[in-house]
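Student: Can you take me through some labels on this structure? I want to know what earns each one.

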Amino acid sequence: MAGVSVFNQIITMKKIVLLLLGTVMFWGCSDSGPSGTETDDFDRQAILVNWADNIILPAFEAFAAETESLNSAANDFTTEPNAQSLNSLRDQWLATYKAWQHVSMFEMGRAMDIRYRDNMNLYPVNTEEILENIETGSYAFELPSQNDTQGLSALDYMLYGLGADEASTLEFYTTHENAEAYRAYLSDLTSRIDTLTDEVLGHWQNGYRDEFVSNTGSGANSSLDMMVNDYIFYYEKALRAGKIGIPAGVFSGSPLSNRVEAYYSGEYSKELFMEALDAAQNFFNGTHFGSEQRGESMRSYLEFLETTKNDQSLAALINNQFENARNEAQDLNNNLAEQVNTNNTDMLMTYDQLQQNVVFMKVDMLQALNISVDYVDADGD
Amino acid sequence: MDLKKLFLPILLVATAISCDVSDSDPDTDLETPATYEFTRNGESTVSFTGQTARIKMAMELNDAMMDFDNSTEELLLQMYRNQTADGGNANPFSRQILNEETKSVKEKVAASEDFFSSNTAVSAQIKSDFEEWISAQVNEVFPNENVLAEPGVPGQLADGTTARYVNAKGLEYDQLVAKGLNGALMADQMLNNYLSTSVLDAGTNREDNDNQVLVDGTNYTTMEHKWDEAYGYVFGNAANTANPLPNLGDADDFLNKYLGRLLGDPDFESMPQEIFDAFALGRAAIVAGDYNVRDQQAQIIREKISEMIGIRAVYYLQSAKNLLNQESPDYGGAFHDLSEGYGFIYSLQFTRVPNTNQPYLTKAEVDGFLAQLTEGNGLWDVSLETLDNMSNDIASKFDFTVEETAN
């Protein structure tokens with residue numbers, strides 16, 4: 001009995017200590033100011049400047065030029081709908097979609113406030129709702145419930161999903177009894193894509209860039225912590241899960257081929273994924289937009305800290321892992337929907353390679369950089 | 001050995017034992033059955049069809065609350081009452097078998113023997129809370145389906161890629177109804193009615209159970225059936241009701257679902273098995289006529305189901321706090337959590353402290369919390385400090401900490 005008593009006493013004491021500790025920790029956390037201390041004397045601002053001036057702003061400028069061209073290609077098409085103007089619009093749509101992969105990860109500042117990514121590229125799109133919008137001519141794109149009726153993904157449906165081929169697609173914009181409404185909807189889509197993009201770019205150009213690079217501290221509200229969190233969130237949710245994992249059925253148990261990006265055009269889903277993978281790796285390395293030159297980055301920060309894992313440089317491990325994912329994806333069908341329907345194992349193996357970098361970046365890198373994860377998975381209801 | 005040293009641990013243990021019923025070691029040969037299967041003469045004696053039906057009715061009501069295109073106030077109220085406004089027969093459900101039922105959700109809301117049999121004014125108020133939420137969904141939120149919500153204006157808010165539909169104070173009525181039923185219907189019926197000696201031992205139940213006097217036309221004694229009805233409110237809609245834990249969480253949107261959520265939290269992952277075991281052992285005890293063991297199991301279930309509701313309430317308050325506490329507050333995500341939290345806080349008044357006739361939080365305490373969430377512009381105004389204080393107040397009534405709820 002005595003032995004049991006002592007044991008129970010220990011448990012009880014532990015509980016009390018835990019409770020006290022918990023309370024103390026709880027109060028400690030409830031301060032809303034930045035937490036954590038400088039990990040080191042690395043020049044964090046140099047990273048922010050490189051990101052803003054050599055990557056983020058140039059990528060947005062390039063993307064804004066594409067969205068403007070997209071809008072005018074759509075105007076050309078709706079003014080004179082024919083095979084030639086349709087193909088020009090389709091080409092410009094693809095160019096825009098590829099450029100998008102270089103800015104999608106920067107969901108901060110105005111982009112975060114307006115939930116830019118959800119308005120630009122949510123898929124699968126709700127085709128029933130799109131057709132209803134066209135039918136009624138009444139829709140407000142700023143409503144959250146309209147996220148899946150607009151953006152580049154909705155254009156994919158409008159340009160490739162309405163008809164089985166080019167001729168039947170054209171009919172919707174020419175001889176269809178509601179052709180005018182189809183043309184109007186198409187114009188509204190490209191116009192909104194362009195407007196939102198100008199808004200985000202304008203915000204960066206008019207003050208936010210300076211705010212961003214001068215917020216050099218550490219802690220949850222510093223630019224570095226926020227950007228790294230946004231980047232990893234993007235990598236985990238939009239790139240790993242959205243482009244590969246969800247269609248491969250990682251989260252549902254069986255493949256969902258209609259969940260791939262650019263589903264209706266068919267042959268571009270892999271190309272868009274590869275573009276996004278390049279963009280993500282470039283950002284990790286601090287590679288300037290549209291150039292091979294590198295600047296300060298997560299990579300150089302890790303190298304400065306000489307962070308290792310299993311005696312290997314963590315920065316090298318992460319780059320190596322990007323390479324592994326790229327190699328694994330190399331042989332996938334251009335149409336990832338076909339891939340999951342014919343050989344989903346290869347798709348799952350690509351996912352596994354992508355997943356490994358979630359571990360390297362979200363666990364190992366964040367620990368080395370003393371950054372806390374600022375997002376949690378919702379409980380799903 | 002120093003006697004004082006010995007005395008202190010004993011005292012502590014004594015204290016611990018007296019308030020921790022789950023560790024009691026009954027002086028009995030009864031084994032806890034691995035599955036919830038009981039037979040007499042080769043036929044099952046287990047029955048909880050009424051509970052399964054009410055769970056299904058409530059799930060249809062949940063879905064219909066968000067069906068902007070097809071639902072009317074009349075239809076939703078009929079789903080709640082399974083009657084027309086003047087008491088006539090109604091057929092509001094998509095499943096014909098539910099329309100044929102004479103049972104309803106409403107009749108069992110705030111209707112337990114222990115808490116409400118002599119408290120009918122409060123019972124009526126609670127029953128009508130749900131009707132007010134249902135009506136307001138149609139009258140306030142439906143007309144603003146395509147409006148962006150802001151303080152004082154019902155409408156849509158983005159929660160990730162999902163649109164949430166809130167009232168002028170930021171609350172989702174459908175969540176109030178769905179999460180409120182966890183307490184007002186399921187927990188109240190289970191903890192304060194079917195597991196109570198006032199119900200289990202009513203009339204000649206003990207004598208009948210001892211003598212295996214069966215209810216006419218059935219294979220069970222009244223006492224067996226009452227216990228099963230409690231079980232039905234957690235496991236009654238499971239794919240395998242005899243062995244429900246392997247698919248825990250999939251059976252409904254109510255207690256089963258949220259019991260399943262505990263599996264994801266290392267602090268509480270053993271609770272579902274403990275609850276199931278208590279149900280199975282208690283039922284075996286009824287068969288064996290061992291009413292002490294039966295009642296000990298009932299206290300375990302009261303404690304754990306109550307705790308689960310408390311854990312969810314604090315979890316949602318904290319989750320909302322974190323979503324609000326950032327540079328661009330995530331109002332849509334936070335308000336969704338707070339709407340769920342509102343329903344679980346509401347449910348706390350139906351919990352039951354073991355070996356007492358009291359809930360963990362009184363109705364007055366619950367109403368006080370809810371008033372804090374709805375004053376002024378409601379959720380749009382709520383401070384992080386309020387959410388923390390509320391979390392601490394609730395956790396302090398239970399044997400868990402605010403931190404432990406974080407998963």
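Tutor: Here come short questions and answers on labels and their cut-offs.
Tutor: This is a predicted model, where local features need pLDDT of at least 70, side-chain atom pairs count only at pLDDT 80 or more, and totals for chains, interfaces and linings use all residues. Residues are numbered from 1 along each chain as its sequence is written, chains are lettered from A and ligands numbered from 1 in the order written, and side-chain values use heavy atoms, without hydrogens and water.

Student: Why is A110(B) called buried?
Tutor: Buried means under 20% relative accessible area, exposed over 50%, partly exposed in between (1.4 Å probe, protein chains only). A110(B) has 0%, so A110(B) is buried.

Student: What is notable about the phi of A110(B)?
Tutor: A110(B) is not a glycine, yet its phi is positive, about 45°.

Student: Why is N370(A) called partly exposed?
Tutor: The relative accessibility of N370(A) is 39%, so N370(A) falls in between the two cut-offs. N370(A) also has a positive phi, about 55°, and is not a glycine.

Student: Why does L348(A) count as partly exposed?
Tutor: L348(A) has a relative accessible area of 32%, so the same in-between class applies.

Student: What makes the lining of the largest cavity divide as it does?
Tutor: Ala, Val, Leu, Ile, Met, Phe, Trp, Tyr, Cys and Pro count as nonpolar, Asp, Glu, Lys and Arg as charged, and the others, Gly among them, as polar. The lining therefore divides into seven nonpolar, two polar and two charged residues.

Student: Which peptide bond is cis, with omega near 5°?
Tutor: The bond from Y123(A) to P124(A).
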